[in-house]
Amino acid sequence: MGKLIRYFTPVFLALLFLDIYVKINLPIIPYRYYSKVLVLVTLIIFTGYCVYKKNKLSNKYVFFGLIIFFIGDILIIDHLSKTKFIISILLFVVGKLIYIFKFTHKEDFSNKRLLPFLVVCFLSVAFLYNLIFTNLKEYFMPVTLYFFISLVMTLFAYLRKDVASNKSYYTVLSGVLLFVISEATMVVKTFYGDVLFQDFIVMFGYGFGQYLIILGLMIDKSNNSDLVSKI
């Protein structure tokens, strides 16, 4: 399994950079439907193999969540369509709820660790909404719901500290943070104005963030401690 990850990572990154190149340099339609599908299907196959071939059935929800993200990703390629944009946001919310379910645990957490997290989240959201609020209009509710779920997902990833191996914890948390940075950049780009390197940040943050989340969950000591020692 360790060999699979070592071989798969550069392949996935190559496909992700190809998709980024297509996004930046070629017409979105139809080329992104090919490049993005290639990236996502490859990740889905990798996840499916890890979940079912290695009997990690406790991670089956991650696989289903990734399928939902895949559908949302395909719809949001044509983000100028209001209907597709709203549906894709709702699908991303469902996908995140599945990830949150996987991140949850019954262990107690330290309030001392929770307070600085909440302060950082409040300041970040306040700054973001100061930029985009006036332009949200009819998108206020779906975007607010989207970011609320993102913060909850980040919170539960942050609180895995004492219930997962260090490798799993930091891999998942890094993936979630990349995910959120990608989303924040996308929202600022859409409702405020251009951001430096915005297309690269959005695509790399989302794609590699998803991969790190999947990888971190697959190497969780509660699922397979042998795998951790082999990576």
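How much space lies in the largest cavity? About 380 Å³, and the legends below begin there, in what is a predicted model throughout.

**View 1. The largest cavity and the residues around its centre.** Welcome to the inside of the protein. Three cavities of 30 Å³ or more are counted here, and this view shows the largest of them, with about 380 Å³ of space. Its lining is made of 23 residues. Look for I76, F92, Y146, M186 and V202, which are the closest to the centre of the cavity.

**View 2. The helices that wall in the largest cavity.** At least two lining residues come from each of α2 (28-53), α3, α4 (82-103), α6, α7 and α8. Which helix gives the largest share? That is α7, with seven residues of the lining. Sorted by class, the lining of this cavity holds 13 nonpolar, three polar and seven charged residues.

**View 3. The largest pocket, with a lining free of charged residues.** Here we turn from the cavity to the largest pocket, where about 410 Å³ of space lies. It is lined by 18 residues, and S124, L151, L177, V180 and I181 are the ones nearest its centre. Three helices, α5 (111-136), α6 (140-158) and α7 (166-191), supply at least two lining residues each. Of the residues in this lining, 15 are nonpolar and three are polar, while none is charged.

**View 4. Helices α3 and α8 side by side.** Helix α3 spans residues 60-76 and helix α8 spans residues 198-218. Their axes come within 11 Å and cross at roughly 170 degrees. An angle over 145 degrees counts as roughly antiparallel, so α3 is roughly antiparallel to α8. On the α3 side, V62, L66, F69 and D73 make the contact, and they meet Y206, Q210, I214 and L217 of α8. Six of the residues in this contact are nonpolar, one is polar and one is charged.

**View 5. L155 and its partners from elsewhere in the sequence.** L155 sits in helix α6. Which residues does L155 contact, once neighbours within four places in sequence are left aside? They are L114 and F117. L114 is 41 residues away from L155 in sequence, yet the C-alpha atoms of the two are 8.4 Å apart in space.

**View 6. Two backbone details worth a closer look.** The peptide bond from I29 to P30 is cis, and its omega is near 10 degrees. P30 belongs to helix α2. The other detail is K137, in the loop between α5 and α6. Although K137 is not a glycine, its phi is positive, at about 50 degrees.

**View 7. Confidence along the chain.** The average pLDDT of the protein is 85, and 89% of the residues score at least 70. Where does the pLDDT fall below 50? It does so over residues 222-231. Beyond near neighbours in sequence, this stretch has 22 contacts in the model.

Notes: Residues numbered from 1 in each chain as written. Predicted model: local features only at pLDDT ≥ 70, side-chain atom pairs only at ≥ 80, totals over all residues. Heavy atoms only, no water. 1 Å grid on protein atoms, 1.4 Å probe; cavity = no way out; pocket = protein on both sides within 12 Å on 5 of 7 lines; lining within 4 Å. Points joined across faces, edges and corners; volume = space filled by probe spheres on them. Helix = DSSP H or I, 4+ residues; strand = E, 2+ residues; numbered from the N terminus. Nonpolar A, V, L, I, M, F, W, Y, C, P; charged D, E, K, R; others polar. Axes fitted to C-alpha atoms, helices over the stretch in contact; angles between N-to-C directions. Parallel < 35°, antiparallel > 145°, perpendicular 65-115°, else oblique. Contact = heavy atoms within 4.5 Å. pLDDT = per-residue confidence, 0-100.
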